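Thanks for sharing this one. My notes follow below the structure, as numbered points to read alongside it.

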There are 2 protein chains.
Amino acid sequence: MRVLIVFCHPEPHSFNGALKATAVAHLEGQGHAVEVSDLYAEGFDPLEGPGHYSRRADPTTFSALTEQRRAHEAGELPAEVAREIARLERAELIILQFPLWWHAQPAMLKGWFDRVMVYGGLYSGSRRYDRGRLRGKRAFCSVTTGSPAPAFTRQGRGGEMASLLWPIHRSLAYLGLAVLPPFVVYGVQGGGLHYEQEAIFRERLEAEKVAWRERLDRLETLSPIPFAGWDDWDEQGILRPEHPLAWRP
Amino acid sequence: MRVLIVFCHPEPHSFNGALKATAVAHLEGQGHAVEVSDLYAEGFDPLEGPGHYSRRADPTTFSALTEQRRAHEAGELPAEVAREIARLERAELIILQFPLWWHAQPAMLKGWFDRVMVYGGLYSGSRRYDRGRLRGKRAFCSVTTGSPAPAFTRQGRGGEMASLLWPIHRSLAYLGLAVLPPFVVYGVQGGGLHYEQEAIFRERLEAEKVAWRERLDRLETLSPIPFAGWDDWDEQGILRPEHPLAWRP
């Protein structure tokens, strides 16, 4: 299996960094081919904007979709965008490794979506959802949080984890990916502590490494999160009334 | 009233740019003081990371929270972060103006949260939610989407708008802000067209400008989105069983 890990953390010695290294070692040890997009280390620019397009479909007014499509069709996508698309195309499984910052992925990973998932290339009006360009591949999030698990339950003050990850899961499904359930490590605290060195955190980390390897071992047993698709929607993109999950107030 | 508009779009002549300009003119015309954080034009850096901290609490391992707190306490926050905090402190009303990209705010605006909302400064473990530092102020999102409105209804393929904005609304409430309902313009299409110049879009834009001014005129009539607070939660941060909205499966 060919695996792409999109790693989003500014500190290699962080808890997230340790989980990334654990996944690389474990998956490679099983004979899988692992590639890593280390967004911070590679200096990925997460800001979509006119500076990335030296030639323009419309030189006067910048629109991301218009310029993405033109650059894709002309074979002139920015080099780091083309690199990430090539990585996605090689991969059969994509793992997004990131900390939850402000109830979402960090800006770096958000910008990876904004820039890499180019209109006309990775999706179009007719190639989305279950007709998406990346269908046949699987993806999931591996996330750490600062607050402990109870805060992210249905009635918890942080908000249910499924609701916080919904915009990301929806985006993955939009591309045609099968979205596996997330792996979440709650309550990762400790500020600037080096997780491999500080004894009180090393114990926690070692336990989570075991859980992480175990999760990686049983990916084949996990069912993707169900999403509706084109056959389920009417012409406006709303669930058909006869759909078993349709509900009208 | 002192208003801060956080404007997040790379193109000043975009639909978002027109809505921003409309709000500035309309609010100033009514005698309000309006300040604009023009994130793209001001070159805001949305990436939290070690490069922003020349002095460090922990020089070997970077943790955002640890370095944010130290820099805040030492009065050494990065200049653009200190500037944004001063703008927030001056404002009574905060408007976030952005396009929905990949089911969320663009990376630029996400990074504004990641970097500006500094730990130890704008929040701490005990100063969050209804005890948050920014309580007494109001905030809301003004958003444009590419897909038309039906896609963002409860059973629509894009996902319900309230669920897509939930991580942002939750973050605003976390800071103590009263969150007003969003103003959403759906189905903003047209690629690189200059919205002020192209006749077919100018008509749509003019109609939305009217709706936008009308919304700005009746902010006082809008109730904030209800959020739970410290009195509603048990020691784990879960709604108390006696809370009217509590529900146990």
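How many salt bridges does the structure hold over all chains? The count is 33. Please keep in mind throughout that this is a predicted model.

1. **Salt bridges.** Set beside the 33 salt bridges over all chains, the count between chain A and chain B is worth a look: there are 0. If you would like an example to inspect, try Lys209(A), which forms a salt bridge with Glu206(A). The closest N and O atoms of this pair are 3.3 Å apart. Both residues belong to helix α6 (residues 199–217) of chain A, and because they are 3 residues apart there, about one helical turn separates Lys209(A) from Glu206(A).

2. **How the copies are related.** A turn of 180 degrees, with a shift of 0.0 Å along the axis, lays chain A on chain B with an RMSD of 0.0 Å. The two copies are therefore related as by a two-fold rotation axis. Which C-alpha of chain A is nearest the axis? It is that of Ala107(A), 2.3 Å away from the axis.

3. **The interface as a whole.** Chain A and chain B each bring residues to the contact: 66 residues from chain A and 66 residues from chain B. About 5,200 Å² is buried between the two chains, with carbon and sulfur atoms giving 60% of that area. Three residues deserve a mention here: Trp102(A), Gln155(A) and Arg157(A) supply 20% of the area that chain A buries against chain B, which is more than any other three residues. Since 100% of the interface residues of chain A are also interface residues in chain B, the copies meet through the same surface.

4. **The α4 pair.** Helix α4 (residues 107–116) of chain A packs against helix α4 (residues 107–116) of chain B, at an angle of about 175 degrees and with the axes 8 Å apart. Angles over 145 degrees count as roughly antiparallel, so α4(A) and α4(B) are roughly antiparallel to each other. On the chain A side, the contact is made by Ala107(A), Lys110(A), Gly111(A) and Asp114(A). Chain B contributes Ala107(B), Lys110(B), Gly111(B) and Asp114(B). Sorted by class, the contact of α4(A) with α4(B) has 2 nonpolar, 2 polar and 4 charged residues. When you view this helix pair, recall that Ala107(A) has the C-alpha of chain A nearest the axis.

Definitions and conventions:
Residues numbered from 1 in each chain as written. Chains lettered and ligands numbered in written order. Predicted model: local features only at pLDDT ≥ 70, side-chain atom pairs only at ≥ 80, totals over all residues. Heavy atoms only, no water. Axes fitted to C-alpha atoms, helices over the stretch in contact; angles between N-to-C directions. Helix = DSSP H or I, 4+ residues; strand = E, 2+ residues; numbered from the N terminus. Parallel < 35°, antiparallel > 145°, perpendicular 65-115°, else oblique. Contact = heavy atoms within 4.5 Å. Nonpolar A, V, L, I, M, F, W, Y, C, P; charged D, E, K, R; others polar. Least-squares fit on C-alpha atoms with pLDDT ≥ 70 in both. Buried area = accessible area lost by both parts, 1.4 Å probe. Salt bridge = Lys/Arg side-chain N within 4 Å of Asp/Glu carboxyl O.
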